[in-house]
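Biologist: I am new to this structure and would like a close look at a single part. Please take one strand and what pairs with it, and then go on to the ligand site.

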Amino acid sequence: MTILVTGGAGFIGSNFVLDWLGKSDEPVINLDKLTYAGNMENLVTLQDNPLHQFVRGDIGDALLVSELMALHRPRAVINFAAESHVDRSIHGPGEFIQTNIMGTFHLLESAREFWLASSGLEQANFRFLHVSTDEVYGTLEALEPAFTETNRYQPNSPYSASKASSDHLVRAYHHTYGMPVLTTNCSNNYGPFQFPEKLVPLVIHNALAGKPLPIYGDGLQVRDWLYVSDHCEAICRVLEAGRLGETYNIGGWNEKTNIDVVIQLCAILDELKPRADGSAYKDLISFVTDRPGHDRRYAIDASKIGNELGWKPAETFETGIRKTVQWYLDNQAWVSHITDGSYRNWVEMHYS
Ligand code: NAD
Ligand code: DAU
């Protein structure tokens, strides 16, 4: 048997592939377009692993995807491929519409064609698992209950609107065609291999370079943080035992304000890599103009996946964030290889 993973050179996808092949001998076909966010260095430990086959390509390339499916006959497609950065979606939504909506549509069509042409157990066991986000639910007031799977969709950014749209397509393919789909909606991930445009790696990267740590607005926005391997494990559980057509919220039961996350990162860095001049990393904190349309609070109620599938996070925020800081300290070469011209251009354009 084989699984087809899309976006497996990105942050969560590469963690998923590495975790999967760390515990299973089921082959992975890894389809990734290698946008700025895809990085083959994430997969360097799999270079000589015959169970991993990387294919550079677009999920929207129906011909390529159909060929791959006919050749490898995967028992599941796990769709991580997406444009994932909210700030970039504000500056330029076009790619988000293209990949997150049109790309998912074409991938669904290729999967449907393959599934319909198969039969027996192969058809019965086939799964299309779509990886999505809690941002589709919009924003919460301070005292509102956390998002459950029945919350209304109210996406607020071009990114979350494009993800919401893809979720609706996946849902419709189950309702209309009976396709065996599963959708997961997860909260903010952190951990190894996250591109340093996102808050946690950006702060670590800037702190080590002695640069300002930009906090949008008052820094009191709340996110629900989950260590990336816990997300990957939850996806495995949903793939294994999730009920067809269902959606599962995944989160860390771990709400934190942005400013608290940054202060905690600074404190860990003070301990693991004190600054040469003896000053504290938190002195670098700098409040900057807020993100337009910035969602105030996300929080996930992960009861359904806990009760039905027995999943709960293994890491606490304290253990996960410490591991993450240590990983970035140990992998400075990985960071410096990606903070190239295009990354610098983004930082200059967005923060100046
Ligand atoms: P990422 O930006 O790090 O990686 C995305 C990957 O998709 C990259 O390797 C990129 O090259 C690839 N890709 C982009 N367009 C493609 C296309 N058209 N065809 C093939 N490959 C393409 O993203 P991430 O943070 O790893 O997120 C992965 C998925 O998880 C996304 O769908 C995202 O919406 C979802 N998600 C992310 C988080 C989070 O906190 N990062 C939380 C919940 C859900
Ligand atoms: O909630 C899940 C989502 O989490 C995923 O669907 C997205 O793909 C992922 O990028 C992430 O979205 P966020 O917008 O929450 O993540 P980001 O790391 O960009 O920002 C986290 C918070 O920190 C957010 O409130 C904005 C704030 N922030 C971010 C940056 C980059 C800052 O204050 N300063 C910054 O420089």
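Modeller: Strand E4, residues 76-79, is covered on both faces. Ala76 and Ile78 are buried on one side, and Val77 and Asn79 are buried on the other. This is a predicted model, and the description here is computed from it.

E4 has strands paired with it. Strand E1, residues 3-6, runs parallel to E4 and is joined to it by four bridges. Within that pairing, leucine 4 has valine 77 of E4 as its bridge partner. Strand E5, residues 127-133, also runs parallel to E4, again with four bridges. Here valine 77 stands opposite phenylalanine 128 of E5. Valine 77 therefore has a place in the pairing with E1 and in the pairing with E5.

Threonine 133, within the residue range 127-133 of E5, leads on to the ligand site. Thr133 is among the closest of the 24 residues that surround ligand 2, along with Asp134, Tyr159, Arg291 and Tyr351. A polar side-chain atom of threonine 133 lies 2.7 Å from an oxygen atom of ligand 2. Tyrosine 351 likewise places a polar side-chain atom 2.6 Å from a ligand 2 oxygen. The protein covers 95% of the 680 Å² of accessible area that ligand 2 has on its own. Two or more residues of the shell come from each of helix H3 (86-91), helix H7 (199-208) and strand E8 (213-216). E8 gives the largest share, three residues. By class, the shell holds 10 nonpolar, seven polar and seven charged residues.

Key:
Residues are numbered from 1 along each chain as its sequence is written. Chains are lettered from A and ligands numbered from 1 in the order in which they are written. This is a predicted model: local features need pLDDT of at least 70, side-chain atom pairs count only at pLDDT 80 or more; totals for chains, interfaces and linings use all residues. Side-chain values use heavy atoms; hydrogens and water are left out. A residue is near a molecule or strand if one of its heavy atoms lies within 4 Å of it. A polar contact is a pair of N or O atoms within 3.5 Å; within protein, one must be able to donate a hydrogen and the other to accept it, and residues adjacent in sequence count only if both atoms are side-chain atoms. Accessible areas come from the Shrake-Rupley method with a 1.4 Å probe; for residues, only the protein chains shown count as cover. Ala, Val, Leu, Ile, Met, Phe, Trp, Tyr, Cys and Pro count as nonpolar, Asp, Glu, Lys and Arg as charged, and the others, Gly among them, as polar. Buried means under 20% relative accessible area, exposed over 50%, partly exposed in between (1.4 Å probe, protein chains only). Two strands pair if DSSP finds at least two bridges between them.
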